[in-house]
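Biologist: I am new to this structure and would like a close look at a single part of it. Please take one helix, go through it slowly, and then show me how the rest of the chain relates to it.

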Amino acid sequence: IVSPNNDGNDFWGMVHKIARASAKDLNINLKIIYTHNSNNFTYLDPFEKAFKTKDKPDVVMGIFFKSIENETLNLSKKYDTPVFMFNSIIPKKERNDTFSREKNKNFIGYMHPDEEYAGYVLGKHLIKVQKNKNPNKKINLIAISGHRNSYTTYLRNLGLKKAVKEENANLKQLVHANWSADISYEKASKLIERYPNLDLIWNASDLMAINSKKAINDKQNKHIITGGIDWTKDGIAKVKNGELEASVGGHFTEIAFALVLIYDYFHGKDFYEELGDEITTKMSLLSSNNINKYYEFINNQDWDKIDFTKYSKILNPKIKKYDFSFESLLNNYNENK
C-alpha cells in the first residue's frame, strides 16, 4: 500500500491499523510505504518505488490524485504489476481506457466512498439542526474544505452545495485549508469575524472541524455549530462530548474489505462478477442521536477482534453477496469481543 500519510495522521492511522488486522487474518504479507502529506506532485515517486521493491509485489494499492491518474496507472503497465486503487474517485469524464479492467489487464479495480453523499449528509444535518433552533431564520454558513487538487474535496463540496440549495441556506464563502489544522483554525477565525451572523461551519474533515471549533470558542461565538467528515478518534470523541455536532465516516474500513477482494481474486474468485471494477461505498452520520451505539467500537479501534476471513467468498463458499456494511463489522466485533 502506498499511503499519502503516516501512522500519526488521524485518518490514515486508522486506515493502516485496520489494514494490518485484515491482512493478518487473510495471511497477506502487507507492506505500507508512507508519504507524509503527499500531493499530486510528490506521490508518483513513492508509488513507483512500490513496484521496484526487492520482492516484487503481487499487487500495489494506492490512491488517485488529480492530474496524475494516468501516470499512476501507467506505472502498473511499465512494471507489469496489478494495481487496486482505493479511497479516491475519478469522475467519469476524466477516465479513459486505462481505467477499465477490459482494456487494462493490470487494473484490477478500485473502491471509493460516495464523497458527494458525505458532504451532502453533513450539510443537511448541520443546517437542519440550526433550522430547528431558528425556524424562521435563513441559515448562514461557511465551508472549510480540503486540498484544491483533490477529487475528494471537489465532491464533498458538491454535496454541500446540493444540501445548501435544498435547504435554501446561505453559503457565505467556501475556502480551502489543505486538510491542515493550523490553516483551518486561521481561516475559520477570519471568516467568523467577516460574517457576524454565522450559524454553522461545514468542514471537509474532522481535523479541520476540531480546529474550526477552537476558533469558534476563541471568538466566543458559542451558538455556531460545526462538524466534519472522517470518523477520526478525536472527531467521534468531540461528537460524544458535544463539541462537534456530527461526523460522517466509516470509509477507513474500505482498505480492509479491499484486501478481502484481493485475497479472493488471487485465489480464483473474481469479485468482478458481482461488483465490477468500480465499487462505491456509503458513509454514515454520527451525531448525538446514535453516537452511543458506535462509540466504544470506533473509539477502541480493536480491529483484531474482527474476523476478516468471514467476508471472503473463498473461505466461506456459502456467501452469495459481499456485505461490507459498517453494521456487519459491528456485529462481527460484538461476536468476538
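**A close look at helix α1**

Modeller: Helix α1 covers residues 10-25, which makes 16 residues. At 1.5 Å a residue they should span 22 Å, and the end C-alpha atoms lie 24 Å apart, so the length agrees with what is expected. Bear in mind that this is a predicted model.

Next comes the question of which residues of α1 are buried. They are Phe11, Trp12, Gly13, Met14, Val15, His16, Ile18, Ala19, Ala21, Ser22 and Ala23. The cover over these buried residues includes three strands, β1 (2-3), β2 (33-34) and β4 (83-86). It also includes two helices, α8 (233-240) and α9 (254-266).

Now to the chain around this helix. The chain holds 12 helices and 12 strands. Of its 337 residues, 56% are buried. Among contacts with a separation of 6 or more, 75% join residues 24 or more positions apart. For 337 residues, a compact globule would have a radius of gyration near 20 Å; the chain has 20 Å, so the two agree. Along its principal axes, the C-alpha trace spans about 60 × 45 × 35 Å.

The outside can be described in a similar way. The chain exposes about 15200 Å², and carbon and sulfur atoms supply 45% of that area. There are 49 positive and 42 negative charges in the chain, and their mean positions are 4 Å apart.

Two asparagines in other helices can be set beside α1. Asn157 sits in helix α5 (residues 151-166). Its relative accessibility is 6%, and because the cut-off for buried is under 20%, Asn157 counts as buried. Leaving aside residues up to four places away in sequence, Asn157 touches Ser145, Leu174, His176 and Trp202.

Asn332 belongs to helix α12 (residues 326-336). At 4% relative accessibility, Asn332 is also buried. With residues up to four places away in sequence again left out, Asn332 touches Lys305, Ile306, Asp307, Lys310 and Tyr311. One of these, Lys310, is 22 residues from Asn332 in sequence, while their C-alpha atoms are 8.6 Å apart in space.

To return to the part you asked about: α1 has the end-to-end distance expected of its 16 residues, and strands and helices of the chain are among what covers its buried residues.

Conventions:
Residues are numbered from 1 along each chain as its sequence is written. This is a predicted model: local features need pLDDT of at least 70, side-chain atom pairs count only at pLDDT 80 or more; totals for chains, interfaces and linings use all residues. Side-chain values use heavy atoms; hydrogens and water are left out. Helices (H or I, at least four residues) and strands (E, at least two) are DSSP runs, numbered from the N terminus. The radius of gyration is taken over C-alpha atoms; the globule rule is 2.2 Å times the number of residues to the power 0.38. Buried means under 20% relative accessible area, exposed over 50%, partly exposed in between (1.4 Å probe, protein chains only). Contact means heavy atoms within 4.5 Å. Accessible areas come from the Shrake-Rupley method with a 1.4 Å probe; for residues, only the protein chains shown count as cover. Lys and Arg count as positive and Asp and Glu as negative; His and the chain ends are not counted. The place of a charge is taken as NZ of Lys, CZ of Arg, CG of Asp or CD of Glu. The expected span of a helix is 1.5 Å times one less than its number of residues.
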